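This report covers the strand pairing and the overall make-up of a single chain. The sequence and the structure come first, and the description follows.

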Amino acid sequence: MSDTPVDASKRTWLIASTCAGAVGGAFVAVPFVSSFQPSERAKAAGAAVEVDISALQPGDKITVEWRGKPVWIMKRTPEQLATLAKLNDELADPFSKRVAYPTPEYAQNVHRSIKPEVFVGVGICSHLGCSPTDKFQAGPQPSLPDNWQGGFLCPCHGSTFDLAGRVFKNKPAPDNLEVPPHMYISDSKLLIGEDAKA
């Protein structure tokens, strides 16, 4: 050990500067660590969306946004519903059994929905991400077959989908349109982004 006396003022200065550094470090660390938390905007982007469908009439379609994607909600007419079962032989995956876009179990049916008349689907083509256009009128039309029953046409590469978002065979799109998780809060309100199993 050294016989040199300890200068008390240096020790006090050393303790004080260490404490100040620790407090300063905490002030820097708190905003840095809190920056890892998702922003309110990011939280909202992944949040479920509640939609009032009470004004939706047969044959109408509305579009809402969920997770930055367009989600279509369409109320199909009895005539439109009647065409769905007739098309199974022309479709690539009529009962949505493929796994690239897992379809909720409650939508693995001919109408791909909980309630037969209401279709809920993400309006993005499974080929390269274009948004298909509405082609609800039946009959021959440009870029569509002569026996067209109504549905959606992707303008980018010509993929066609029926009124349940099921892709026709021999088209560029490999899969049906995605059905997002959804459930009914009431007869007139849908919650998109959550379902009873979530």
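## Strand pairing and chain totals

Strand 8 (residues 182-186) and strand 9 run antiparallel and are joined by 4 bridges. The model is a predicted one. The link between strand 8 and strand 9 is a hairpin of 2 residues. Within this pair, Ser186 lies opposite Lys189 of strand 9.

Strand 9 (residues 189-192) also pairs with strand 1 (residues 49-52), again in the antiparallel sense, through 4 bridges. Here Glu50 faces Leu191 of strand 9. Strand 9 thus has strand 1 as one partner and strand 8 as another.

The two pairings are set side by side below.

| Pair | Sense | Bridges | Opposite residues |
|---|---|---|---|
| Strand 8 and strand 9 | antiparallel | 4 bridges | Ser186 and Lys189 |
| Strand 1 and strand 9 | antiparallel | 4 bridges | Glu50 and Leu191 |

These strands belong to a chain with 3 helices and 9 strands. Read from the N terminus, the order of elements is α-α-β-β-β-α-β-β-β-β-β-β.

The remaining values describe the chain as a whole. It has 198 residues, and 34% of them count as buried. Its accessible surface comes to about 11500 Å², with 59% belonging to carbon and sulfur atoms.

How much of the contacts in the chain with a separation of 6 or more comes from residues 24 or more positions apart? Such residues account for 53% of those contacts.

Conventions: Residues are numbered from 1 along each chain as its sequence is written. This is a predicted model: local features need pLDDT of at least 70, side-chain atom pairs count only at pLDDT 80 or more; totals for chains, interfaces and linings use all residues. Side-chain values use heavy atoms; hydrogens and water are left out. Buried means under 20% relative accessible area, exposed over 50%, partly exposed in between (1.4 Å probe, protein chains only). Contact means heavy atoms within 4.5 Å. Accessible areas come from the Shrake-Rupley method with a 1.4 Å probe; for residues, only the protein chains shown count as cover. Two strands pair if DSSP finds at least two bridges between them.
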